Amino acid sequence: MFEFLSLAFMAIFIFTRNRLMGFLGWHFFGLSWLFKVPHYLEISDYFNTGVMVLAFLTFTFLGLTIFRTDRLEVFLSATSVALISSFVYFSFSLTPLKAILIEHTRDTTVWLARNLGFEFTPFGYNLIEYMGKYVEIILACTGIESMALFAGIAISTSAELKRRLYAFMASVPVIYVLNLLRNVFIVAAFGGEWFGPESFYIAHHIISKVLATIALIVISLTVFRFLPEFADMIFNLKDEVVRAWSRQERE
């Protein structure tokens with residue numbers, strides 16, 4: 001529900017410039033992330049738990065800043081990116097496309113693993129077996145969150161089409177391939193007990209998280225080179241948030 005509300009309020013904000021709609025769009029967007037916390041706590045993924053809480057606080061704070069800024073344009077640009085990225089993500093996470101994407105990721109992970117010498121076996125539409133141990137492929141294992149973000153950036157940025165295509169190709173397909181390699185690594189490490197009894201935790205929650213963070217930083221810097229407009233928007237947004245709240249404190 002929060003996902004649909006955030007999309008609706010963001011769209012209204014972009015077309016009407018109504019600040020209350022802008023705040024509600026970002027606040028509900030933050031809530032949609034915050035409500036993922038129980039899942040990550042259940043699987044002891046404290047890294048993503050922290051990311052979800054930080055995302056909620058950041059997005060709600062951005063929404064509050066909309067009431068105080070006198071440079072609304074930068075918030076409209078940021079909202080456009082968030083709206084398009086969210087639309088791409090929710091098109092998969094809240095529709096039957098979710099199961100199709102999970103099954104596709106399961107199948108391509110098994111195909112890649114076998115080509116790398118690991119005899120993975122698919123079960124159902126979302127399970128992979130290796131050496132007697134099973135791993136469930138969920139939506140987070142598809143890489144759709146990161147791919148939706150960079151797709152939204154490439155689509156919404158006001159650059160010429162050629163540079164937007166370069167940014168898209170430098171991010172979305174790269175994330176897709178890296179995510180499959182990540183899945184192969186986690187399943188192989190868990191099934192083969194590469195790191196002992198805690199192989200899944202070490203492979204999934206530590207090694208993969210660190211490598212994924214490094215990969216996303218490198219991909220972001222590459223996208224910034226093709227789309228300096230997006231980098232400028234981020235820095236302008238940061239400067240305006242600081243300026244708006246500093247001015248408020250002085251007043």
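**Close-up views of a predicted model**

**Figure 1. Salt bridge between E160 and R163.** In this predicted model, E160 and R163 are joined by a salt bridge in which the closest N and O atoms are 2.9 Å apart. E160 has a relative accessibility of 44% and counts as partly exposed, because the buried class ends at 20% and the exposed class begins over 50%. In general, side chains of opposite charge can pair when their charged atoms come close. The structure as a whole holds 11 salt bridges, and further examples appear in Figures 2 and 3.

**Figure 2. Salt bridge between E240 and R71, and the network around this pair.** The side chains of E240 and R71 form a salt bridge with an N to O distance of 3.6 Å. E240 belongs to helix α11 (residues 228–250), whereas R71 sits in the loop between α4 (46–66) and α5 (72–93), so the pair ties together parts of the chain that are 169 residues apart in sequence. The two partners are described by their accessibility: E240 is buried, with a relative accessible area of 0%, while R71 is partly exposed, at 40%. Both residues also belong to a network of salt bridges that links D70, R71, E240 and R243.

**Figure 3. Salt bridge between K238 and D239.** The side chains of K238 and D239 meet in a salt bridge, with 2.9 Å from N to O. K238 counts as partly exposed, with a relative accessibility of 45%. D239 is likewise partly exposed, its relative accessibility being 37%.

**Figure 4. Packing of helix α7 against helix α9.** Helix α7 (residues 144–156) packs with helix α9 (residues 172–192) at an angle of about 170°, and the two axes are 9 Å apart. Because an angle over 145 degrees counts as roughly antiparallel, α7 is roughly antiparallel to α9. On the α7 side, the contact is made by S146, M147, F150 and A151. The α9 side contributes V172, I175 and Y176. By residue class, the contact of α7 with α9 comprises 6 nonpolar residues, 1 polar residue and no charged residues.

**Figure 5. The annotated active-site positions C141 and R182.** An unreviewed UniProt entry places the feature "active site" at C141 and R182. These positions are spread over 42 residues of sequence, yet they cluster in space, with a largest C-alpha distance of 8.8 Å. C141 lies in the loop between β3 (133–136) and α7, and R182 is part of helix α9. Both side chains fall in the buried class: C141 has a relative accessible area of 9%, and R182 has one of 18%. When neighbours within four places in sequence are left aside, C141 is in contact with T105, E136, N179, R182 and N183. On the same basis, R182 is in contact with C141, H204 and S208.

**Figure 6. Surroundings of S86 in helix α5.** S86 is located in helix α5. With a relative accessibility of 4%, S86 counts as buried. Apart from its neighbours within four places in sequence, S86 is in contact with L7 and F29.

**Figure 7. F15 and its separation from G30.** F15 lies in helix α1 (residues 2–16). F15 is exposed, with a relative accessible area of 73%. F15 and G30 are 15 residues apart along the chain, and their C-alpha atoms are separated by 21 Å.

**Figure 8. Segments annotated as transmembrane.** The unreviewed UniProt entry lists residues 46–67, 74–92, 134–153, 165–190 and 202–227 under "transmembrane region". Two of these segments are described here. Over residues 74–92, the chain is 100% helix and 0% strand, and the C-alpha atoms at the two ends are 28 Å apart. Over residues 202–227, the chain is 96% helix and 0% strand, with the end C-alpha atoms 35 Å apart.

How values were computed: Residues numbered from 1 in each chain as written. Predicted model: local features only at pLDDT ≥ 70, side-chain atom pairs only at ≥ 80, totals over all residues. Heavy atoms only, no water. Axes fitted to C-alpha atoms, helices over the stretch in contact; angles between N-to-C directions. Helix = DSSP H or I, 4+ residues; strand = E, 2+ residues; numbered from the N terminus. Parallel < 35°, antiparallel > 145°, perpendicular 65-115°, else oblique. Contact = heavy atoms within 4.5 Å. Nonpolar A, V, L, I, M, F, W, Y, C, P; charged D, E, K, R; others polar. UniProt positions renumbered as here; feature names shortened; annotations may be inferred. Salt bridge = Lys/Arg side-chain N within 4 Å of Asp/Glu carboxyl O. Buried < 20%, exposed > 50% of the residue type's maximum accessible area, 1.4 Å probe, protein only.
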